[in-house]
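Trainee: Got a minute to go through this one with me? I'd like to start with the aromatics.

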Amino acid sequence: QVRLVESGGGLVQAGGSLRLSCVASGFIVTIYRMGWYRQAPGKQRELVADITRGTKTNYADSVKGRFTASRDNAKNTVYLQMNSLKPEDTAVYYCNADIAMTIERRDVYWGQGTQVTVSS
């Protein structure tokens, strides 16, 4: 079965940087869109960024100019470089991906999340 595992979260001061990684493993034919979502306590999960297989990106307005999504298709990995972090960025960050595991089956998968905490 396909698994997505995030890493790179942690505690950082405001203005600092972190790089999140998400690796997809298992029986994979093709990964199409990959994306990052986040959820803060008491708030709904929101899209942060996504990136197509052709590397076209889309960002939430709140992170434009600060966050950069990228991917390495050979490694089945998506990254989120987060710069100029703000306390408002504190959340659990989740990776998801649209994956074809066989010629006939294509589904969306989610990781378990990684905590990002930005102190003031």
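Trainee: Is W110 buried, exposed or partly exposed?
Mentor: Partly exposed, because its relative accessibility is 38%, between the 20% and 50% cut-offs. Keep in mind that this is a predicted model.

Trainee: How many aromatic pairs does a search of the whole structure find?
Mentor: One. It is Y37 with W110, and the ring centres are 5.0 Å apart.

Trainee: Why is that pair called tilted?
Mentor: The planes of Y37 and W110 are at 55 degrees, so the pair counts as tilted. Edge-to-face would need over 60 degrees, and stacked under 30.

Trainee: Where do the two partners sit in the chain?
Mentor: Y37 is in strand β4, residues 30-39, and W110 is in strand β10, residues 106-110. They are 73 residues apart, so the pair links distant parts of the chain.

Trainee: Switching to charges. Which ring does R45 lie over?
Mentor: The ring of Y94, at 3.8 Å from the ring centre.

Trainee: And what about R106, where is its charged end?
Mentor: Over the ring of Y32, 3.8 Å from the centre.

Trainee: New topic, backbone. What is the phi of T55?
Mentor: Near 70 degrees, which is positive, and T55 is not a glycine. Most residues other than glycine have a negative phi. T55 lies in the loop between β5 (46-51) and β6 (57-59). With 48% relative accessibility, T55 is partly exposed.

Trainee: What is the story for N76?
Mentor: N76 has a positive phi too, about 50 degrees. Its place is the loop between β7 (67-72) and β8 (77-82). N76 is partly exposed, at 24% relative accessible area.

Terms used
Residues numbered from 1 in each chain as written. Predicted model: local features only at pLDDT ≥ 70, side-chain atom pairs only at ≥ 80, totals over all residues. Heavy atoms only, no water. Helix = DSSP H or I, 4+ residues; strand = E, 2+ residues; numbered from the N terminus. Buried < 20%, exposed > 50% of the residue type's maximum accessible area, 1.4 Å probe, protein only. Phe/Tyr/Trp six-rings, centres within 6.5 Å; stacked < 30°, edge-to-face > 60°. Lys NZ or Arg CZ within 6 Å of the ring centre and 35° of its normal.
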